[in-house]
Amino acid sequence: MKQKTWPDRSDGVRFTAFPLSKPNDNEENIILSRRSKIGSKPSLSPTDGPDFSALPFDILTKIAASFNFPNLLAASLVCRSWRDALRPLREAMMLLRYGKRFKHGRGGVRRNLDKALDSFLKGAARGSTLAMVDAGLVYWERGLKEEAIALYQKAAALGDPAGQCNLGISYLHAQPQNHKEAVKWLHQASIGGYTRAQYQLALCLHQGLGVHRNLYEAAKWYLKAAEGGYVRAMYNASLCYSSGVGLSQSRRQARKWMRRAADRGHSKAQFEHGLALFSEGEMMKAVVYLELATRSGETAATHVKNVILQQLSATSRERALLLADNWRALPSSR
Amino acid sequence: MGSTSTKIKLRTSDQKVFEVEKAVAVQSQTIKYIYENGCPDSVIHVHSVSGDILSKILDYCKKHVNSAAGKEDISPEELYEWDANFVKVDQNTLFDLILAANCLKIESLLDLTCQTVANMIKGKRPEEIRTTFNIKNDYTIEAEEAVRRENKWAFDMLGGVGTMVIEELADDTMSKCVTNAKSRVCVIAANQIVMMRSISKLANKKSIDVYKQPQNPTTPRIKESVKQINVGTGFIELFFHFKCKM
């Protein structure tokens, strides 16, 4: 029976394969040249314990691909071989920073998208998913959707939540639409805690796109995204609570989330919240929210607002308009 | 060639033999290559993988093949849960799984295990990471400082206003440069070195006042303190090291 052994690294894939089997294999020297620390076999003996400092460089780069700078620095400071392995990623971080400055025209530099893209692509080439996502964004803005999607795919495969979210969204808008893939990636990004993905996933579950319609799951994700600060999710969560769809009906929770959405600038929420306040008799507050809603284009708010304004004295009216003028939205994660 | 029930035999480093369906085994690009380029009937040696690990890996491959083919009714969320439980193993096993997935070229498993390790690293300080993975600290104090400084330089520089390629400077900043709070100015010049006024005073001074226009280059004092750092291809940045405290 003829026995087969491993191929040598002639098939062009980037992995650093460990030396395997053949006693007369000259490939061992080539493969080992990057790894000065370990012997001819990876340490698999249970008595020694696994030697994580001896992980091959390309695996370490893969692990740290989606790290932000603080995490990358911490990982680089673990031991010298990790430092060496992660050098390209540290360079990528610098390129990323550089690119961002060109993109936004900060720090005394003229805004220059070409240079920004160039920097991002160099960072992406060194394996940083953050750079890949930023490069993808520039491509997308320029209408080069295929290039953008290719970059998002790379980032998504390396576990970057932003990349996964953007990939999912691009599949939603793609021609032809690919909802199943979209949901798959949005789901991964949502589990990774990315609020925008959570909201989009909830929408898909709500509308039954690419996945069976599931209002419980949808509501659950709306709530998660709302808790993460996503304004539209707050509005939807409030609706779920008030109608009892997907979440147990709770007027208190509905009011809470509607108020939060209104405070963060959601125009429909401002209208609804204004109405609720009106029905509770809080005229001043109600009219301020309704005024804000009208200014954002909710024409339906105008009628009720005028009704209340007529009931107020002139000074109150002025005060209400002043409050509306000075109002600023609370920060949100979008 | 084979019907769907073609089996492939695999022998591990500890001489255990596994017989698996072809569809499962070829999840490994390496095994696929060997199988397609050799005798279909022979046993494939998987030298650097032990029986336990291979058994786990085959479980993984089987699950994913079945779910993709629709043989098992499992939703993406459930598969995700299954994967999450799959990697809840001791470190030894995790380490072995990574190396084996790498050798056998099973991309999805490598992604999964790498993500697991990544999550164990994120948010931790270096000492904590070392404890988690039982890694010995082989840094000297100087080497560690060098890394911190390498990045600190780069980030203060790239983060602060002081860094810019001369030709890219916006018009209003051409004539003056703001010093950043830490009193270091890094000037990236493609080919030129920008001369600073009162550079002789810099040795003792904290804040640095910069120039009106690029003047002609290098006094010996600057020359000796110019350090060149290559950042990747096509990128040359000149950092001025001053005698004053960094």
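Here are some friendly questions and answers on how the labels for this predicted model come about.

The model is predicted, so local features need pLDDT of at least 70 and side-chain atom pairs count only at pLDDT 80 or more, while totals for chains, interfaces and linings use all residues. Residues are numbered from 1 along each chain as its sequence is written, chains are lettered from A in the order in which they are written, and side-chain values use heavy atoms, with hydrogens and water left out.

Q: Why is the pair A:K103 and A:E141 called a salt bridge?
A: A salt bridge is a side-chain nitrogen of Lys or Arg within 4 Å of a carboxyl oxygen of Asp or Glu. The closest N and O atoms of A:K103 and A:E141 are 3.8 Å apart, so the pair fits that rule. By this rule the count over all chains comes to 20 salt bridges.

Q: What parts does the pair A:K103 and A:E141 tie together?
A: A:K103 sits in helix α5 (residues 87-104) of chain A and A:E141 in helix α7 (residues 129-141) of chain A, so the salt bridge ties together parts 38 residues apart in sequence. Helices here are DSSP runs of H or I with at least four residues, strands are runs of E with at least two, and both are numbered from the N terminus.

Q: How do you know whether A:K103 is buried or exposed?
A: Buried means under 20% relative accessible area, exposed over 50%, and partly exposed in between, with a 1.4 Å probe and protein chains only. A:K103 has a relative accessible area of 11%, so A:K103 is buried. Its partner A:E141 has 53%, so A:E141 is exposed.

Q: What makes A:K184 and A:E181 a salt bridge, and where do they lie?
A: Their closest N and O atoms are 3.9 Å apart, so they pass the rule of within 4 Å. Both lie in helix α10 of chain A, 3 residues apart, about one turn of the helix. A:K184 has a relative accessible area of 35% and is therefore partly exposed; A:E181, at 25%, also counts as partly exposed.

Q: How do you know that B:D14 and B:K16 form a salt bridge?
A: The N to O value is 3.5 Å, so this pair meets the rule as well. B:D14 is partly exposed, with a relative accessible area of 33%, and B:K16 counts as partly exposed at 37%. Elsewhere, salt bridges that share partners join A:E291, A:R295, A:K305 and A:D325 into one network.

Q: What makes β1 and β3 of chain B a pair of strands?
A: Two strands pair if DSSP finds at least two bridges between them. Strand β1 (residues 7-12) of chain B is joined to β3(B) by 3 bridges, so the two count as paired. They run parallel, and B:R11 stands opposite B:H45 in β3(B).

Q: Why are β2 and β3 of chain B said to stand at the edges?
A: The open sheet has 3 strands in the order β2-β1-β3, with mixed pairing. β2 (17-21) and β3 (44-46) each have a single partner strand, so one side of each is left without a neighbour in the sheet.

Q: What makes the phi of B:Q15 worth a note?
A: Most residues other than glycine have a negative phi. B:Q15 is not a glycine, yet has a positive phi of about 65 degrees. B:Q15 is placed in the loop between β1 and β2 of chain B, and is exposed, with a relative accessible area of 55%.
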